[in-house]
Structures are given as C-alpha cells and as structure tokens.
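This report describes how strands and helices are arranged in one protein chain. Please consult the sequence and the structure shown here while reading.

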Amino acid sequence: MERRHFIRLVGGGTLAAAATTAGLSGCSTELPAEAVAAWNGPGDEPDPRRWALAHAILAPNSHNRQPWLVDLREHHTLTLHVDLERTLPMTDPWFRQIVVSQGTFIEALVIALKERGLAPTVTLFPEGAFAPRSLDARPVARVHWSPGAPAPAKDPLFAQLRRRHTAKVPYDTTRPVAPATLAALAAVVEGEHVRHGATVDTAQVAALRELCWQSARVELLTPRTVMESVRLTRVGPDEIARHRDGISVNGWLPRLANAVGAFDRTQPPAEGSTAYRQMMERFESHSLSAMGFVWLSTPFARDAAAGTTRHAEALAGRAYMRQQLKATELGLQMHPMSQAPQEFEEMRPHRERLQALLLGRSAEDEVVQMFSRVGHCAPQPHTPRRPLDGFVRSA
C-alpha cells in the first residue's frame, strides 16, 4: 500500500471510522486470547488421547497451516492423516514440508503420551506410503499403546512444549551462538536415519545468509508463490480469531489499511510500494541476522530404493521437533529458512546451491529436509491454533 494513497483514504473523518472498524480503540497489537488459548494447555482433560492431542497441535508446521486430522475411533490409538485442504501447492509442490509437519506433530504427541505414563508405538504409513510428489487419504501414522503396560521414562523435553515458539524477527547480531550449543542440539536427534549438521563458521554463515536472502527473493517475486502467503495472511483480531491459522498481522497500520480496503490481497505487492519494501526488509533482516545454521538431511538414494522417502520426511519432522524443544530449553531461537529447500522450479538453482554448501552432494544422493537459522532475540508471542475439535475426525 502506498503511503500517499493511504493518507487519501483515511483523510478527514474516515480515519476515526476506520479505527473503530479495525478495533483500534486501544491500539493493542496482542493476539486475541481465544486464538492463542491452546497454549494454556488442556487442563484436567480426563481422556489421555485428547490431553496429548492438545499438546501435539502446538507443534511447528509450514505456514501455520496445522495440516492434521486425527481419528479417535480405535481404543488406545490415534491415527493421523494429512488434512488435504491445508496444503501449500505453490511453495511445496511435492508436499515434502507438509509431511515433515506430520513428523513434528507425531513427536509432540509421543512426548505428551509418555508424560501421561503411556508407552506409544508409532507405525508410519500403516496402509502404505504416499507416492513421491503426491498425497492421499491414507494415514500417515498409527500411534498405539497397550493399557497396563509399564510406564516409560518421561521425556524432559515435555516441559518445553508449551513454551516453544518460532521467532520470525531479526536476531541479535552481538550475541554469538556457542559450538557447544549446536552440539546439544545434535544430541537430541535420535536414531541413525536423520543426519544433523550445523555451523557457526564466519565464512560459511556469510554464504548461507546470502543464500537465504536470495532464495527468499525468489519466493517473494514469483507471483504464484508469494500469493500463497498473501492469501493466508490474517489481518486484525477478527480475522485472526476466526481463522486461527496462517500468518497473523495485527499491527495498527495494516489493520487501518485493511479497514479502508487499502490492504490488497488479490495481487502481489507492487514493486516500490510500502508493502513491497516492508516485505523485502523483513525477509532480508531475518536472513542477514542469522548467527548460525542447523540442518537435517536424509539419505535420499537409499530411501528411494527402499520406497521410504516419505518415512524419511516424517522422521526429519520428529527430529526437528526435538531440536526446537531443546533450543527452547537452552534459550536459543530456531527459525526454519524454508525457501531454499523448496521444490518449485524457480527455486532450483538455490536448492542446488544449498545442497552444495551443506552436504557437498546433490539431493538425488542425500537431501536437506530442514534448514534453520539460529540466534537470540526477545521472547515472541505464540502463533494461533484452531480449536482442538477441529483436528478430530471422529470422536
């Protein structure tokens, strides 16, 4: 939105009317209480499945789409499906990020069930995995436990489930990240299938910062990909409370602009406009303030031969969930820089550059599943979550 255009629109008495419409009488930018109520926890919910599910829906996920459906019809079991209406076909055309987001959910669910004294067994893709580059209605996972079985050890990361958040703000460039901190993140990645990498090397961090910024520009300047984000932007308390997903914008100026029809969500921001400059500045500041990077990869060639590439994506999500919880415990921030690993065609050169910088080999051999900046900043608000019942297919 252009500043002059905005001033014309809100001239005279229009400004006061717009402020009332936008709910700006108190100028608060806090998110509506109902939109973030899930972070208060499930209280004394007696059903351990719903209690654990209330923690699992707090898991990080792509674009805050919350793409999860859970079937509760079987006793002592939760069966997870992808919500096929909550995908990102423009920026995630192979649905890799959506499957990774299933993995974060599974890990949070398992941690919560253990906290209730249950010993869950996870079976991935019990009716067969999705074909590469596609999704269908078959379950992603069946999580089952036997009543009366000995209680497992509780996971200390449970304490971070309701504390963690993804800070999408510039990091403090005066506060370095210690190599020992990166080692602590590596230590919580369980199993041998998902591989962890990290760097705080000055030269490598500089190269990766620039790659993050250039790949973000590709997503922002490709109309169909930036419009995916634009359409998922929720402006002001009413929209945020109604949708409780996507990208929340609650600053007073966007709310005023939205109230007078000047916040255009039907087309990409025009080059040179205020919205365009702010969008670019935000992503540039994220990229160039990274104080280190961590990544997760899986052996694609081996998985492709075994038919387990989708399993690998879910396992990477589980590992990322553990890493972000550990980062929260350590007072560190982790923010996925999701652009460079994306598979839409315009991103190909940057994806190949990322593979070369991190792994020294192509994605056909070993593929980067998660790539995140790390650093420090002030605590940030939690993102909205939909009501619990919205995730339950059948009670």
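T199 stands opposite F293 in strand 8, and R195 faces S297 of that strand. The model is a predicted one, in which local features need pLDDT of at least 70 and side-chain atom pairs count only at pLDDT 80 or more, whereas totals for chains, interfaces and linings use all residues. Residues are numbered from 1 along each chain as its sequence is written, and side-chain values use heavy atoms, with hydrogens and water left out.

**The open sheet**

Strands 5, 8, 10 and 9 form, in that order, an open sheet with antiparallel pairing. Helices (H or I, at least four residues) and strands (E, at least two) are DSSP runs, numbered from the N terminus; two strands pair if DSSP finds at least two bridges between them. Strand 5 and strand 9 (333-336) are the edge strands, each pairing on one side only. From one strand to the next, the twist averages 25°.

Strand 8 (residues 292-298) is joined to strand 5 (residues 195-199) by five bridges. With strand 10 (residues 367-375), strand 8 pairs over seven bridges, again in the antiparallel sense; there, F371 of strand 10 is the bridge partner of W295.

How many residues of strand 8 are buried? Seven of its seven residues are buried, that is, under 20% relative accessible area, with exposed meaning over 50% and partly exposed in between (1.4 Å probe, protein chains only). G292, V294, L296 and T298 lie on one side, and F293, W295 and S297 on the other, so that both faces are covered.

Two helices lie across strands of this sheet. Helix 12 (residues 309-330) lies across strands 5, 8, 9 and 10 and runs at about 150° to strand 8. Helix 13 lies across strand 8 and strand 10, at about 75° to strand 10.

**Packing of helix 6**

Helix 6 (residues 202-221) packs with helix 13 (residues 348-358) and with helix 10 (residues 274-288). Axes are lines fitted to C-alpha atoms, for helices over the stretch in contact, and angles run from 0 to 180 degrees between N-to-C directions.

| Helix pair | Angle | Axis separation |
|---|---|---|
| Helix 6 and helix 13 | about 165° | 10 Å |
| Helix 6 and helix 10 | about 155° | 8 Å |

The angle in the first row makes helix 6 roughly antiparallel to helix 13, and that in the second row makes helix 6 roughly antiparallel to helix 10. Angles under 35 degrees count as roughly parallel, over 145 as roughly antiparallel, 65 to 115 as roughly perpendicular and the rest as oblique.

The contact with helix 13 (heavy atoms within 4.5 Å) involves residues of helix 6 including L208, L211 and V218, and residues of helix 13 including L354 and L357. By class, this contact has seven nonpolar, four polar and one charged residues. Ala, Val, Leu, Ile, Met, Phe, Trp, Tyr, Cys and Pro count as nonpolar, Asp, Glu, Lys and Arg as charged, and the others, Gly among them, as polar.

In the contact with helix 10, residues of helix 6, among them W213, R217 and L221, meet residues of helix 10, among them M279, F283 and E284. This contact has 10 nonpolar, one polar and four charged residues.

**Strand 4 and its partners**

Strand 4 (residues 141-144) has alternating side chains: A141 and V143 point to one face and are buried, while R142 and H144 point to the other and are not. Four bridges join strand 4 to strand 2 (residues 77-82) in an antiparallel arrangement, with V143 as the bridge partner of L78. Strand 3 (residues 121-124) also runs antiparallel to strand 4, joined by four bridges, and L124 stands opposite A141.
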